[in-house]
Amino acid sequence: MTVARSVALFVVAALFEIGGAWLVWQGVREHKGWIWIGAGVIALGLYGVVATFQSDDDFGRILAAYGGVFVAGSIAWGMIADGYRPDRYDVVGALVCLAGMAVIMYAPRSH
């Protein structure tokens with residue numbers, strides 16, 4: 001699997017997971033109702049499905065690496081959906097997490 005395809009899968013997974021969690025948040029905290037919550041639960045389930053398309057067979061590695069994408073994606077989602085303004089520490093932290101994801105997933109390994 002190419003790095004580009006793997007990264008694309010991480011991005012799609014992030015859209016489902018972060019979007020799903022946001023929908024649940026909106027349904028509960030913003031009182032938008034059960035339809036929003038249900039849509040969020042479906043999106044969260046789809047996140048789990050998308051993650052299985054990564055070529056690496058090690059669940060722990062995939063989920064750990066995805067964590068970096070989740071952190072950066074959550075900040076981006078907040079900026080777009082809620083007008084959140086990250087400070088420099090948010091940005092640096094997200095970049096550190098993405099660097100960690102790259103090391104975990106794409107460092108050369110002897111098998």
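Which helices are included in what covers the buried residues of H1? Helix H2 (34–51), helix H3 (59–82) and helix H4 (88–106) are among the elements that do so. This is a predicted model, in which local features need pLDDT of at least 70, side-chain atom pairs count only at pLDDT 80 or more, and totals for chains, interfaces and linings use all residues. Residues are numbered from 1 along each chain as its sequence is written, and side-chain values use heavy atoms, without hydrogens and water.

**Helix H1**
- H1 (residues 3–29; helices are DSSP runs of H or I with at least four residues) has 27 residues.
- From first to last C-alpha, H1 reaches 37 Å, close to the 39 Å expected at 1.5 Å a residue, the expected span being 1.5 Å times one less than the number of residues.
- Buried residues (under 20% relative accessible area, 1.4 Å probe, protein chains only) of H1 include Phe10, Glu17, Ile18 and Gln26.
- His31, just after H1, takes a positive phi of about 60°.

**H1 against H3**
- The axes (lines fitted to C-alpha atoms over the stretch in contact, with angles from 0 to 180 degrees between N-to-C directions) come within 9 Å and cross at roughly 55°.
- H1 is therefore oblique to H3, a class for angles outside under 35, 65 to 115 and over 145 degrees.
- Contact (heavy atoms within 4.5 Å) involves residues including Phe10 and Trp22 of H1 and Phe70 and Trp77 of H3.

**Gly68**
- Gly68 lies in helix H3 and is buried, with a relative accessible area of 6%.
- Beyond its neighbours within four places in sequence, Gly68 is in contact with Cys97, Leu98 and Met101.
- The C-alpha atoms of Gly68 and Leu95 are separated by 8.4 Å, at 27 residues apart along the chain.

Methods: Helices (H or I, at least four residues) and strands (E, at least two) are DSSP runs, numbered from the N terminus. Buried means under 20% relative accessible area, exposed over 50%, partly exposed in between (1.4 Å probe, protein chains only).
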